[in-house]
Amino acid sequence: MIAQKIKLILILLCLHTMSQAQGIQDMANTIIITLNDSTTARDKVLKTFSSQGYTVKNPNKVTKTVSTDPKTLKSKTRVGFNGEIKGAEVILTGKILFAGQEGIIIQHKGEKGTHALNAWQEMEKLAKAMGGTISYVKR
């Protein structure tokens, strides 16, 4: 009985470790969303940005990259996003924007309450709202 419990605990620890290894890469700065249909990917990006309160730059211009105007979050973090469409994949990236500066690339880093983590959480929220399969990479 005790041996079975120990085996179960070891299996659960292994599964937990494997799931962590397949999670978010340290310093990931790109979220790739794989959608079911490449023909509706651009519309999905436009609708998601709009439903999350973002204004899209040039929404009527047909391009492979959809960009948002800057938006200030409740945390006072100012962000802007790009969704590059490659077939059924949406490559989501973003920047933290500060007055008079070019912007800082959003990455998976930072502590709770920081601009860095707030921006990452917003980017992840956008990715999840698009649906599909999500993966995280550093580019």
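**Exercise 1.** In this predicted model, determine whether W120 and Y136 are buried or exposed, then classify the geometry of their ring pair.

*Solution.* Start with accessibility: W120 is buried, and Y136 is buried too. Next, take the rings. Their centres lie 5.9 Å apart and their planes stand at 40°, so the pair of W120 and Y136 is tilted. The tilted class holds because the angle is neither under 30 degrees nor over 60. Last, place the two residues in the fold. W120 belongs to helix α3 and Y136 to strand β7 (residues 133–137), so the pair ties together parts that are 16 residues apart in sequence.

**Exercise 2.** Count the aromatic pairs of the model, and describe the one formed by Y54 and F81.

*Solution.* The count comes to three aromatic pairs. For Y54 and F81, the ring centres are 5.6 Å apart and the planes meet at 80°, so this pair is edge-to-face. Y54 sits in the loop between α2 and β2 (65–67), while F81 is in strand β4, so the contact ties together parts that are 27 residues apart in sequence. Y54 and F81 are both buried. The next step is to look around the pair. F49 joins Y54 and F81 in one aromatic cluster. The face of Y54 also has a charged neighbour: K71 lies over it, at 4.4 Å from the ring centre.

**Exercise 3.** Describe the largest nonpolar core: how many residues does it have, and which element gives the largest share?

*Solution.* The core has 26 residues. Those with the most contacts inside it are I31, I33, F49, F81, L92 and I106. Two of these names, F49 and F81, recur from the aromatic cluster of Exercise 2. Now assign the core to elements. Two or more residues come from each of β1 (30–34), α2 (41–51), β4 (78–86), β5 (89–96) and α3 (115–130). The largest share, six residues, is given by α3.

**Exercise 4.** Work out the order of the secondary structure elements and the share of long-range contacts in the chain.

*Solution.* First count the elements: there are three helices and seven strands. Reading from the N terminus, they run α-β-α-β-β-β-β-β-α-β. Then turn to contacts with a separation of 6 or more: 55% of them involve residues 24 or more positions apart. For burial, 32% of the 139 residues count as buried. The chain exposes about 9,000 Å², of which carbon and sulfur atoms supply 55%.

**Exercise 5.** Locate G87 and state which residues beyond its sequence neighbours it contacts.

*Solution.* G87 is found in the loop between β4 and β5. Its relative accessible area is 41%, so G87 is partly exposed. Once neighbours within four places in sequence are set aside, G87 is in contact with S38 and A41. A C-alpha distance adds to this: G87 and T39 are 48 residues apart along the chain, yet 7.7 Å separates their C-alpha atoms.

**Exercise 6.** Decide where the confidence of the model is lowest and where it is highest.

*Solution.* Begin with the chain as a whole: the mean pLDDT is 86, and 84% of the residues reach 70 or more. By element, helix α1 (residues 2–21) is lowest, at a mean of 46, and β5 is highest, at 98. Over residues 10–22 the pLDDT is below 50, and this stretch has zero contacts in the model beyond near neighbours in sequence. Where pLDDT is low, predicted coordinates should not be read in detail.

Methods. Residues are numbered from 1 along each chain as its sequence is written. This is a predicted model: local features need pLDDT of at least 70, side-chain atom pairs count only at pLDDT 80 or more; totals for chains, interfaces and linings use all residues. Side-chain values use heavy atoms; hydrogens and water are left out. A nonpolar core is a set of buried Ala, Val, Leu, Ile, Met, Phe, Trp, Tyr and Cys residues joined through side-chain atoms within 4.5 Å. Buried means under 20% relative accessible area, exposed over 50%, partly exposed in between (1.4 Å probe, protein chains only). Helices (H or I, at least four residues) and strands (E, at least two) are DSSP runs, numbered from the N terminus. Rings of Phe, Tyr and Trp (its six-membered ring) pair if their centres lie within 6.5 Å; planes under 30 degrees apart count as stacked, over 60 as edge-to-face and the rest as tilted. A charge sits over a ring if NZ of Lys or CZ of Arg is within 6 Å of the ring centre and within 35 degrees of the ring normal. Contact means heavy atoms within 4.5 Å. Accessible areas come from the Shrake-Rupley method with a 1.4 Å probe; for residues, only the protein chains shown count as cover. pLDDT is the predictor's confidence in each residue, from 0 to 100.
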